[in-house]
Amino acid sequence: MTVIEPPLDVKKHSLLEDALALPIGAFLLSWGMFLLQSIDGVTGGLAGVAFLGSYVSGWSVGLVYFLVNVPFYYLAVRRMGWRFTIKTLIAVGLISIMVELHPLFIDVSGLDSMYAAIFAGLAIGTGMLVLFRHGASAGGFGILAQYLQATRGWRAGYVQGALDVLVVSASLALVAPYILLCSIVGAVLLNAVIAINHRPGRYLG
């Protein structure tokens, strides 16, 4: 059986490609977050923490999401470098803004909860994948997942999944049972997208 190895002279993404990818990834992530917010759902990671913080405090999801990410930039600078950190800061800033802009352009109040959660999970997972492949993350737990994959070879999807379980479990007292079920389905799909498509050594761009 012939095994086709990837070429050794794989070129990295250009600055222009990174500049285009960050808003694309941020848009997909913010769209998924907006869908979950529209059904009062939750997700894993710091996005899930932002949802819970927003439900408790009354602050906007975008603002809480930006604030809870701040402590993780220290780890990003020390472990992943300034390039990764700056890209991630830009992505988080765009997500925080975009999630507040979606309601100005579309009304999803009649959307089925399970459908919204499924679409949200796929959108967030794909958005995170775009950011990962361009040397960035959605902040927070994504930084930790990227670091552990880069240093220990642990799949980012599995790390993210374990942390997601903790966050979703913390939402039991704040979210209706059916909405929580929908949110869990979305979270499973989110992590499946990352685990299947983002493995160490499989993507060299």
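How many helices and how many strands does the protein have? Nine helices and zero strands is the count, in a model that is predicted. Reading from the N terminus on, the elements run α-α-α-α-α-α-α-α-α. The protein has 205 residues, and 47% of them count as buried. Take the contacts between residues at least 6 apart in sequence: 76% of those join residues at least 24 apart.

Let's start with helix H1, which covers residues 15–38. H1 has 24 residues, and from its first C-alpha to its last it reaches 35 Å. That's close to the 34 Å expected at 1.5 Å a residue.

Just after H1 you meet Asp40, a residue worth a pause. Asp40 sits in the loop between H1 and H2. Its phi is positive, about 60°, although Asp40 is not a glycine. Is Asp40 buried, exposed or partly exposed? With a relative accessible area of 49%, Asp40 is partly exposed, because the exposed class takes in values over 50%.

Past that loop comes H2, residues 45–57. How do H1 and H2 sit against each other? Their axes come within 12 Å and cross at roughly 40°, and the crossing is right-handed. On the H1 side, the contact is made by Met33, Leu36 and Gln37, and on the H2 side by Ala47, Phe51 and Tyr55. Sort those residues by class and you get five nonpolar, one polar and no charged.

H2 also packs with helix H3, residues 61–69. Here the axes come within 8 Å and cross at roughly 125°. Why is this pair called oblique? An angle over 145 degrees would count as roughly antiparallel and 65 to 115 as roughly perpendicular, so the angle falls in neither class, and H2 and H3 are therefore oblique to each other. H2 passes H3 in a right-handed crossing. From H2, the contact takes in Leu46, Ala47, Val49, Ala50, Phe51, Gly53, Ser54 and Ser57, while H3 brings Val61, Val64, Tyr65, Val68 and Asn69. By class, that contact divides into nine nonpolar, four polar and no charged residues. You may recognise two names: Ala47 and Phe51 of H2 are in the contact with H3, and Ala47 and Phe51 are in the contact with H1 as well.

Now follow H3 to another partner, helix H5. H5 spans residues 82–101, which gives it 20 residues. From first C-alpha to last, H5 reaches 29 Å, close to the 28 Å expected at 1.5 Å a residue. The axes of H3 and H5 are 7 Å apart, and the two helices pack at an angle of about 165°. Since angles over 145 degrees count as roughly antiparallel, H3 and H5 are therefore roughly antiparallel to each other. H3 passes H5 in a right-handed crossing. The H3 residues in this contact are Val61, Gly62, Leu63, Tyr65, Phe66 and Asn69, and they meet Leu89, Val92, Gly93, Ile95, Ser96, Val99 and Glu100 of H5. The tally is eight nonpolar, four polar and one charged.

Which residues of H5 are buried? They are Phe84, Thr85, Lys87, Thr88, Ala91, Val92, Gly93, Ile95, Ser96, Met98 and Val99. Some of them, including Val92, Gly93, Ile95, Ser96 and Val99, are in the contact with H3.

H5 also has a neighbour in helix H4, residues 72–80, where you'll find Tyr73. Tyr73 counts as buried, at 11% relative accessibility. Leaving out residues up to four places away in sequence, Tyr73 touches Thr85, Thr88, Leu89 and Val92. Tyr73 and Phe84 are 11 residues apart along the chain, and 9.8 Å separates their C-alpha atoms.

Our last stop is His102, in the loop between H5 and helix H6 (113–133). His102 belongs to a loop, and at 8% relative accessibility it counts as buried. What does His102 touch, not counting residues up to four places away in sequence? Its contacts are Phe27, Ser30, Trp31 and Phe34. That brings us back to where the walk began, with H1 and its residues 15–38.

How values were computed. Residues numbered from 1 in each chain as written. Predicted model: local features only at pLDDT ≥ 70, side-chain atom pairs only at ≥ 80, totals over all residues. Heavy atoms only, no water. Axes fitted to C-alpha atoms, helices over the stretch in contact; angles between N-to-C directions. Helix = DSSP H or I, 4+ residues; strand = E, 2+ residues; numbered from the N terminus. Parallel < 35°, antiparallel > 145°, perpendicular 65-115°, else oblique. Left-handed = near helix turned anticlockwise from the far one by under 90°. Contact = heavy atoms within 4.5 Å. Nonpolar A, V, L, I, M, F, W, Y, C, P; charged D, E, K, R; others polar. Expected span 1.5 Å × (residues − 1). Buried < 20%, exposed > 50% of the residue type's maximum accessible area, 1.4 Å probe, protein only.
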